[in-house]
Amino acid sequence: MSPSRALALTLLFWLLLLQWNHVDGQAYDAVTSWRSLLQVNSSADAEAFFDGVESSVKSLTEFVLLNYKNGQGLWENGTCSTSCTIFPCRTEALDEKNGQCLQLPANSTALSDQSCTLSNGKVTGCSKARFSTESYVRLPGKPTDLDPGQISPDQQLTICSTKYLDQQIFPTIYENTTGPFDRLAWSMFGASNGVFRIYPGLERNPTLCQQSYDPRKRPWYRAITGVSKQVVILLDGGGLMANGISTTGPETLFEASTTIVSEFLDTLNEDDTVSVYKFGGTDLVLADQSKIRMPEPSDDKAVTNTFAPLRAAMENMSDSITFDAPEANLTAALENLLSLDGGGFDTSNAQILKVILIFTGGKLAEFEGTSISVSSNSPIARALTSLSVRPFIYQWKSSDSTDTDLQSVACSLNASYDVIPRSLGDPLSALQSFYSYVAKIRHLSNQEKPLWIHSYGPFTGVGDGHLVAISYPVFDGDVLLGVAGIDVLQNLPEPWKSVINDRTDDEIVQIPGPPLNCTASLRPAYVPVSGLGNSNGGLCPDGALDPKGYDKRTCCDPQCIFSSSNSGTKFPAGAIAGIAAGSCLLLVFLFCLVYFRKVILEFFRSCKQFGQRVFLLFMQCIKRKKTRTTANGSGVQKQNTNGTSEGNGDVFSNFFF
């Protein structure tokens, strides 16, 4: 064996040895990805692997749909009342039975309150974290503002039914190590009502629990509704809208409508435009500038600055809504809108979807006590049809029998009609019919294939900004239930990286969209059920954890050193340095043992000869002493039979070789 080959084998052995870690009884083979890359390194292999990932996300959607259809049964048989899901900002500490120490997809300083300091002084994020063997759930809004009692029945049904994904498919997806990954990063589902479930579960950093999270505003979800559109919003400014949305809160119907609009703005795609008007008796008042264009959604600051004037203008409008205001006139509002250039739309591109969202309390001046003046043959209906405008009418639920029959109005305008419940807790849930419509358009334009989303920064901070999501919508017929997704790491060697780049196609499409059906509901049909499924809203009880113990609970990397007040297992710096020095010496010894084996063997043979000669010298000295004693000190040197002298000088001259 050549010296270079011996050196290579020695180094490989040592590297493999160092890459095997054992933490808290959980062994993690860090060379899995090396082995996979050696076994699978062609474009065809990469294509086959990612075909399998696409099949996995489709299977995930199938289980979501199955559980949705079984949701009412789970509620009625008591399953929902006996099960709960962990909420990451209020979870009990993980123990050995439901926690596992696993490698993170990438280091993340966002994981810890304190960054991990290694023995060499380098500051980094934890490379290992304690994940739960169960999925976790997030809900829209700030976790610190969460009131389990306000979780709606349909959200509780979603929390309950999707929990079974832990048994059905989540672990199977996560344990896929056949490709270039140690594991696929995350698998998840975001429901159209805002419930978000992710596997594996990871406790949220308490300092980040002030941040709200809504899956419908994230890139992997928003791409499913990625249709280029112009949106005009009409807000009923009549006196009825000054009524409170409930008997317990101060918010009026108009304020609740502007809240829905404000949340809606955050779900727009780049270059979408929006205009907001308030309509009264005969007037149509523009809230801000005529059209506001959505900037790049990932630029949070730009989005905030772009829509800040519009949000302020809507707030000012709310102050002007009074009980004595005249009833609004929708016919006049539409006539005023259509009298504008292009009907308030940019008609230079016929392929862009044009949408009108109408929010009303239901009492409209032109319809009260008279026959409906809007018909499919009216100038308004013909103008909307010629412009390919798709109207959506949203009416706040009311028990007043004198309310206008707006569903008939919707049918005459080829519009969608939906009722908003007064008990609405999640604003975006009011627009589920709209999102179902645009998601179906996008899905059909992509030949019903999964969407590969460009690299984006994960909300968890894990992945170092190099995550690519594979997203697939979950439909019950034409109704969007939500979006399933799988995250993978993008920073891969070839040919894996090229295969991912070739598949990534989340461009916003331009399609005018088909006419709407006024009688078809496009919102999930959650069957009303009596009583709460779980007194805590489907969530596990609050563990009231000490925020200072977050690092100890979550970071299980033995290389990390935290302060004594916020630490996990700590390795003294001197011990780590000693281990490192000893390892280096051992590596040098192994290298020398292989490379200088001939010299070493010769050295040991020489040592053996040396020992033999020392022993011979010792025996000769003893024999000489006896001879001198016998000769009574005569001083005569005795000759050996071979003629050599036994004098001192002769002994040492014969020793050296």
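**Exercise 1.** In this predicted model, the side chains of arginine 503 and glutamate 47 meet in a salt bridge; work out which helices the pair ties together and how many residues apart in sequence these parts are.

*Solution.* Begin with the contact itself, in which N and O are 2.6 Å apart, a distance that falls within the 4 Å cut-off for a salt bridge. Next, place the two residues: arginine 503 belongs to helix H16 (residues 496-503), while glutamate 47 belongs to helix H3 (residues 43-69), so the salt bridge ties together parts that are 456 residues apart in sequence.

**Exercise 2.** Find which residues are linked with Arg503 in a network of salt bridges.

*Solution.* Take the further partners of arginine 503 in turn. Aspartate 51 forms a salt bridge with arginine 503, with 2.7 Å between the closest N and O atoms, and this pair links helix H3 to helix H16 across 452 residues. Glutamate 54 also forms a salt bridge with arginine 503, and here the closest N and O atoms are 3.0 Å apart; glutamate 54 lies in helix H3 and arginine 503 in helix H16, so parts 449 residues apart in sequence are tied together. The network therefore consists of Glu47, Asp51, Glu54 and Arg503.

**Exercise 3.** Decide for each of these four residues whether it is buried or partly exposed.

*Solution.* Apply the cut-off of under 20% relative accessible area for a buried residue. Arginine 503, at 15%, is buried, and glutamate 54, at 16%, is buried as well. Glutamate 47, at 31%, is partly exposed, as is aspartate 51, at 39%.

Technical notes: Residues are numbered from 1 along each chain as its sequence is written. This is a predicted model: local features need pLDDT of at least 70, side-chain atom pairs count only at pLDDT 80 or more; totals for chains, interfaces and linings use all residues. Side-chain values use heavy atoms; hydrogens and water are left out. Helices (H or I, at least four residues) and strands (E, at least two) are DSSP runs, numbered from the N terminus. Buried means under 20% relative accessible area, exposed over 50%, partly exposed in between (1.4 Å probe, protein chains only).
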